[in-house]
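This report sets out selected features of one protein chain, from a helix and its surroundings to individual residues. The sequence and the model are shown below.

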Amino acid sequence: MKKSLSVLAVLLLMLVPLLSACNSETQNADSSNDSGGKSSSKKHKIGILAPAVTHGWVAAVAYHAEARAKELSDEIDYKIQTSSDAQEMTSQLDDLMTWGAEAIVAFPQWEGMEVPIQTALDAGIKVVNFDIEIDADGVYRVSGDNEGMGVEGAKYIIDKIGTEGNVVVLEVPSSGSVSKLRKQGFMDTMEEMAPDMEISTYATQFTREDGLKDFADILTSNKKIDAVYSMDDETSIGVLQAISEAGRDDIKVVTGGGGMQEYFKMMPENEDIWIQSALYSPAMVKDAVDVSLKLLNGEDADEVTIIPTTVVDRDNYEEFIDEESPY
């Protein structure tokens with residue numbers, strides 16, 4: 001009996017280090033899963049709120065935001081939500097807060113987002129608005145340069161036709177400050193650099209359908225046009241169609257704005273017209289994601305980041321082609 005107990009004691013003593021080793025290996029595996037280089041528990045959580053649109057510039061915002069989030073997947077976990085109105089976006093904002101978002105990149109296109117965004121800010125969440133200025137204390141913003149787009153449009157037209165000629169300006173009053181700033185930059189630059197330019201202004205919308213319809217009427221009432229200052233690529237596509245259908249060959253320049261892939265591809269096809277786009281690219285939202293990560297990493301960031309516009313035409317359009325972009 002004593003001999004049996006002695007043997008059992010020896011066996012137990014031999015098992016102790018084996019059991020300890022097994023336990024240590026499990027903990028290391030768990031630890032490896034937790035860290036995984038940079039585990040999800042160590043990553044910052046960033047939520048992205050964008051409008052739900054199936055095409056166009058707005059749709060491309062969500063596309064580029066998610067593309068940047070994927071590029072930063074070693075550093076962040078992210079959730080992207082798209083909504084159709086302020087009420088839905090508010091509900092999704094609440095969901096992101098429950099999820100544990102430390103920062104939120106928001107593109108709030110509707111009125112009524114001030115209070116929910118302020119609530120998130122008061123809860124200690126970093127909020128970076130894309131494009132839209134909103135009245136909330138502590139919000140950061142990343143935007144393009146609307147006035148600069150007008151400046152570049154004026155300079156481009158002067159470069160192509162000189163300081164005298166007939167220019168049609170297509171403004172979009174319904175877009176509020178967007179059209180106002182783009183027109184202001186254009187008119188101020190023309191007054192400074194080409195005061196003798198004849199300028200006529202007409203109202204339209206940021207759609208190709210309105211660009212076609214309105215410019216067809218403008219062509220009828222203007223027998224000589226040298227250049228068109230259009231503020232939007234979609235409008236400009238309609239303008240170009242109207243010019244083609246009317247058989248007009250007097251127009252030498254059509255500007256645009258935004259950064260539309262379809263419009264880019266038209267640039268080399270129209271040898272008799274200089275087609276230009278002043279970028280107000282949806283890809284700028286990537287900078288908003290970067291700002292949110294900077295803030296979470298304790299780095300300094302400007303409260304407002306204005307991204308200068310870039311001029312695209314037949315000479316450099318290939319640099320901006322993105323076959324995957326929905327816009």
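## Helix α3 and its two sides

Gln87 and Thr98 are exposed on one side of helix α3. The buried residues of the helix lie on the other side: they are Ala86, Met89, Gln92, Leu93, Leu96 and Trp99. Viewed down the axis of α3, these buried residues fall within an arc of 130°, so they line one face of the helix. The elements that cover them include the strands β1 (44-51), β2 (76-83) and β3 (103-106), together with α4 (114-122). The structure is a predicted model, and the values in this report are computed from it.

How far apart are the end C-alpha atoms of α3, and what span should its 14 residues give at 1.5 Å a residue? The helix comprises residues 86-99, for which the expected span is 20 Å; the end C-alpha atoms are 20 Å apart, so the two values agree. At the N-terminal end, Asp85 acts as a cap of α3, with a side-chain oxygen 3.2 Å from the backbone nitrogen of Gln87. Just after the helix, Gly100 adopts a positive phi of about 105°.

## Confidence and overall composition

The average pLDDT of the chain is 87, and 87% of the residues score at least 70. Over residues 1-40, however, the pLDDT is below 50; this stretch has seven contacts in the model beyond near neighbours in sequence.

The chain contains 10 helices and 14 strands. Of its 327 residues, 45% count as buried. Among contacts with a separation of 6 or more, 72% involve residues 24 or more positions apart.

## Strand β3 and its parallel partners

Strand β3, one of the elements covering the buried residues of α3, has buried residues pointing in both directions. Ala103 and Val105 point one way, while Ile104 and Ala106 point the other way.

Strands of a sheet pair through backbone hydrogen bonds, in either a parallel or an antiparallel sense. Strand β3 runs parallel to β1, to which four bridges join it; in this pairing, Leu49 has Ala106 of β3 as its bridge partner. Four bridges also join β3 to β4, and these strands too run parallel. Here the bridge partner of Val105 is Val128 in β4.

## An open three-stranded sheet

A further group of three strands forms an open sheet in the order β10-β12-β14, with mixed pairing. Its edge strands are β10 (257-258) and β14 (311-312), each of which pairs on one side only.

In which sense do β12 and β14 pair, and over how many bridges? Strand β12 (residues 277-279) pairs with β14 in the antiparallel sense, over two bridges. Ala278 has Val311 of β14 as its bridge partner.

## Arg141 and Asp131

Arg141 belongs to strand β5 (residues 140-144). With a relative accessible area of 16%, which is under 20%, Arg141 counts as buried. Its contacts, leaving aside neighbours within four places in sequence, are with Asn129, Asp131, Ile132, Glu133, Glu303, Val304, Thr305 and Ile306.

Asp131, one of these contacts of Arg141, is located in the loop between β4 (126-130) and β5. Asp131 is likewise buried, with a relative accessible area of 16%. Its phi is near 75°, a positive value in a residue other than glycine.

## Phe186 and Gln241 in their helices

Is Phe186 buried or exposed? Phe186, in helix α6 (residues 177-193), has a relative accessible area of 0% and is therefore buried. Apart from its neighbours within four places in sequence, Phe186 is in contact with Gly150, Val151, Gly153, Ala154, Ile157, Val167, Val169, Ile199 and Tyr229. The C-alpha atoms of Phe186 and Glu147 are 7.6 Å apart in space, although the two residues are 39 residues apart in sequence.

Gln241 is located in helix α8 (residues 233-246). With a relative accessible area of 38%, Gln241 is partly exposed. A distance of 9.2 Å separates the C-alpha atoms of Gln241 and Phe215, residues that are 26 residues apart along the chain.

Methods
Residues numbered from 1 in each chain as written. Predicted model: local features only at pLDDT ≥ 70, side-chain atom pairs only at ≥ 80, totals over all residues. Heavy atoms only, no water. Buried < 20%, exposed > 50% of the residue type's maximum accessible area, 1.4 Å probe, protein only. Contact = heavy atoms within 4.5 Å. Pairing = 2+ DSSP bridges. Expected span 1.5 Å × (residues − 1). Arc of directions from axis to C-beta. Polar contact = N/O pair within 3.5 Å; in protein donor to acceptor, adjacent residues only side chain to side chain. pLDDT = per-residue confidence, 0-100.
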